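Visitor: Could you take me closely through a single part of this model, and set it against what surrounds it?

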Amino acid sequence: MRVGSGNTMVAKKTVKRTLSVEEKNASSEVKKTKVTHPSHGTVAGLVLTLGQGDVGQLGLGEDVIERKKPALVVLPEKIVQVVAGGMHTVCLSETGNDNNGVIGLLEPMKQSVVPVQVQIGVPIVKIASGNDHLVMLTSEGDLYTSGCGEQGQLGRVAECFTNRGGRKGLYRLLIPQCIHMKAKGSGRVLFQDAFCGAYFTFAISKEGHVYGFGLTNYHQLGTKGTSSCFAPRNLSSFKNSTRSWVGFSGGQHHTVCLDSEGRAYSLGRAEYGRLGLGEGAEEKNEPTLISGLPSVSLVACGASVSYAVTKDGRVFSWGMGTNYQLGTGEEEDVWSPIEMMGKQLENRVVLSVSSGGQHTVLLVRNQEEQS
């Protein structure tokens, strides 16, 4: 039996945590440092959300628990990146701080209903979130992970410690810690980018190698086998002398990836149209080209849905229609890419899209603004 969920360590309480002097000083230093990364550049934008919001993941207030079309979220800071987890949303401001609403991964058995800063002490240039794990890429090229690690998605915790953390307890899992990998010869492996699926993680090293770890029960990591990977594995399915990979995103059991030429591919489980390969498509264990898309700049996945942002600023969606995540206003499944429409998208350019278990988040800018 192939499964795909870990235990989410949350309860409906508010996190109250007093920062030490060292943490306050580290936080102050990071706030003074503007950061950038190819995944978000320097363009700040507006945040739109849609789908289900029963635990506040839409950020639209307590009374809004569902949106069929994109709605605007009011935030106090300029945002350059947004990511959606299983039941939370994370926004990265242009100063390199990540503000987390309802992430539930900061203290054992607690949940935050207001933004709480994650304390790392070094500038974070990119964040990526799975259902219940978080990956942070530093300006130095290190990867920090935290959250649930039961399927290997943290890439730094042995299988025997992934349930309760061993003698170190849940803090082994919940406090962000660095993945240490030795490079051939001397030194360590450093990374230029990182991406998440619901229960798995992709990372591209500075040498261009694609690593993966976590759940791969439907070959969503492109592995030949279906056993979970608890340490980063150099993935042979993405070794191609004629193709350079620049983007990955994963759902619960599938992956969509992007090459440097703007072509999107998919692999993994095929039900409900999540691969975008048309009706009748079957499970794939290696990247398969998605036809019918214009040149793509970014790809994203929710649990059973997929998205592509085109280079001219449009967004396409496909997959399971339940929860209104596709932006069609209907709950019908979509088996091939279809352009998302809506009033909040009129005269706006889509910069990025991210999707979780039941909701989707868009970062957009007004069309007349300079890029």
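Guide: What follows looks at D259 first, and then at the nonpolar cores and the confidence of the model. This is a predicted model, in which local features need pLDDT of at least 70 and side-chain atom pairs count only at pLDDT 80 or more, while totals for chains, interfaces and linings use all residues. Residues are numbered from 1 along each chain as its sequence is written, and side-chain values use heavy atoms, with hydrogens and water left out.

D259 belongs to strand β16 (residues 254-259), strands being DSSP runs of E with at least two residues, numbered from the N terminus. D259 is buried, at a relative accessible area of 2%, where buried means under 20% with a 1.4 Å probe and protein chains only. Its side chain makes polar contacts (pairs of N or O atoms within 3.5 Å, one able to donate a hydrogen and the other to accept it, with residues adjacent in sequence counting only if both atoms are side-chain atoms): D259 reaches the backbone nitrogen of E261 at 3.0 Å, and the backbone nitrogen of R263 at 2.9 Å. Leaving aside residues up to four places away in sequence, D259 is in contact (heavy atoms within 4.5 Å) with R243, S244, W245, V246 and Y265.

Turning to the cores, the largest nonpolar core, a set of buried Ala, Val, Leu, Ile, Met, Phe, Trp, Tyr and Cys residues joined through side-chain atoms within 4.5 Å, has 28 residues, with F248 among those with the most contacts inside it.

As for confidence, the mean pLDDT (the predictor's confidence in each residue, from 0 to 100) of the protein chain is 83.

How values were computed:
Buried < 20%, exposed > 50% of the residue type's maximum accessible area, 1.4 Å probe, protein only. Helix = DSSP H or I, 4+ residues; strand = E, 2+ residues; numbered from the N terminus.
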